[in-house]
Every structure is written in structure tokens, then in C-alpha cells.
Amino acid sequence: MAVLHITDIEAAINHWRARSPSPDGVTLAPELVALAEVYALMVYWHEDEADEAGFPPAAMAAWRAWYETTPDTPCIAICSTSQGDEQCKGCGRSFAEVQHWLAMTPVEKRTVWRRITLESSAWRFNRYAERAAEGSKPADIQAPA
């Protein structure tokens, strides 16, 4: 059973709020309405995870659109599983997760991302955090004129 965590739904809601702001402060974009309904039910029932199988199609489409804007892999190009470690020191994924990453669904990938982020023991979160920074450029590298 693959589940979506409420923090991913919040991130998707914030993505859509920035992308499609309300024109009048009341009206919401269809993607926001779909995600907000799921979010409201989760809050009401005190749930922090929602089963992917029961996710409404419109909400899943909005979530997937947000997901496409996130980094696909936690890899920072320092893979210790290739040298026999069961858990990669670079990204924090297990050997099986690294091996089967391309076959995993987006929800399964986000589950792994959540786990490694909460653990924050991998080098991507400390020693080599600059490799994991998305879209940043070192200050000493100038863009071509």
C-alpha cells in the first residue's frame, strides 16, 4: 500500500497557490479545490497519510503536477551501495531502493524521500549538502556574458 503523507499534500497545495493565486481572495483553482478537499478530510479525521488507491483522480492529477516539479532522485553521486553498503551513505536509500528506483511509482519515491529526510543521516543532509541544493550556483562561478 503506497500512501501520500499530509506534508506532500501541503506542499502541492502551496505549489498551486503560488501558481494559480485566487483572483478575488475567495475563488480557488480546480487543482486547489481537489487537494483541499482531501486535506480537509485528513485533518478532520486526524490522519497524516492517505492511501494512493483511494485518492480522487483530480487531486491525484494536481499532486502529480506538483511532483513533476520536485527532484526525481535524492542521489548526490556518492553511492556507497555500489561498494557493498546496504544503506547508501550519500543519499540514504537502501540498496533495494537504489536498484529499483526507476520502477517505483511517484508515491513510493516520495515515501522514500520522506524517510531519508526525517532520518537526515545521509551525507546529502550534512557533508555534501551543497550538491543537493537545487538550482543554486556557487558564488565564484560567473555566468557567461
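Is Asp 8 buried or exposed in this structure? With a relative accessible area of 8%, Asp 8 is buried, where buried means under 20% relative accessible area, exposed means over 50%, and partly exposed covers the values in between (1.4 Å probe, protein chains only). The structure is a predicted model, in which local features need pLDDT of at least 70 and side-chain atom pairs count only at pLDDT 80 or more, while totals for chains, interfaces and linings use all residues. Residues are numbered from 1 along each chain as its sequence is written, and side-chain values use heavy atoms, with hydrogens and water left out.

Six salt bridges are found when the whole structure is searched, a salt bridge being a side-chain nitrogen of Lys or Arg within 4 Å of a carboxyl oxygen of Asp or Glu. Side chains of opposite charge can pair when their charged atoms come close. Asp 8 takes part in one such bridge, with Arg 110, and the closest N and O atoms of the two are 2.8 Å apart. This pair links distant parts of the chain, since Arg 110 belongs to helix 5 and Asp 8 to helix 1 (residues 6-19), 102 residues apart; helices (H or I, at least four residues) and strands (E, at least two) are DSSP runs, numbered from the N terminus. Arg 110 is, like its partner, buried, with a relative accessible area of 16%.

A salt bridge also joins the side chains of Glu 52 and Arg 64, at 3.9 Å from N to O. Glu 52 lies in the loop between strand 2 and helix 3, and Arg 64 in helix 3, so the bridge ties together parts that are 12 residues apart in sequence. Arg 64 counts as partly exposed, at 34% relative accessibility. In the salt bridge between Lys 89 and Asp 85, the closest N and O atoms are 3.0 Å apart, and here Lys 89 is partly exposed at 42% relative accessibility, as is Asp 85 at 24%. Salt bridges with shared partners further join Glu 97, Arg 115 and Glu 119 into one network.

The search of the whole structure also finds three aromatic pairs, for which rings of Phe, Tyr and Trp (its six-membered ring) must have their centres within 6.5 Å, with planes under 30 degrees apart counted as stacked, over 60 as edge-to-face and the rest as tilted. The ring centres of Tyr 44 and Trp 45 are 5.0 Å apart and the planes stand at 90°, so this pair is edge-to-face. Both Tyr 44 and Trp 45 are exposed, and the relative accessibility of Trp 45, which is placed in the loop between helix 2 (30-44) and strand 2 (49-51), is 56%. Together with Leu 41, these two residues form a nonpolar patch on the surface, with about 410 Å² of accessible area in total. Such patches are made of residues with over 30% relative accessible area and no salt bridge, like charges being joined within 9 Å and nonpolar side chains (Val, Leu, Ile, Met, Phe, Trp, Tyr) within 5 Å; the areas come from the Shrake-Rupley method with a 1.4 Å probe, and for residues only the protein chains shown count as cover.

A stacked pair is formed by Trp 63 and Tyr 67, with 5.5 Å from centre to centre and 15° between the planes. Both residues lie in helix 3 (residues 57-67), four residues apart, which is about one turn of the helix. Trp 63 is buried, with a relative accessible area of 0%, and Tyr 67 is buried as well, at 7%. Ring pairs link Trp 63, Trp 66 and Tyr 67 into a cluster.

Tyr 67 is also one of the residues in contact (heavy atoms within 4.5 Å) with Lys 109; leaving aside neighbours within four places in sequence, Lys 109 touches Asp 72, Trp 101 and Met 104 in addition. Lys 109 is located in helix 5 (residues 106-119) and is buried, with a relative accessible area of 8%. The ring of Trp 101 has the charged end of Arg 93 over it, 4.7 Å from its centre, the criterion being that NZ of Lys or CZ of Arg is within 6 Å of the ring centre and within 35 degrees of the ring normal. Arg 124 is likewise placed over the face of Phe 125, at 5.7 Å from the ring centre.
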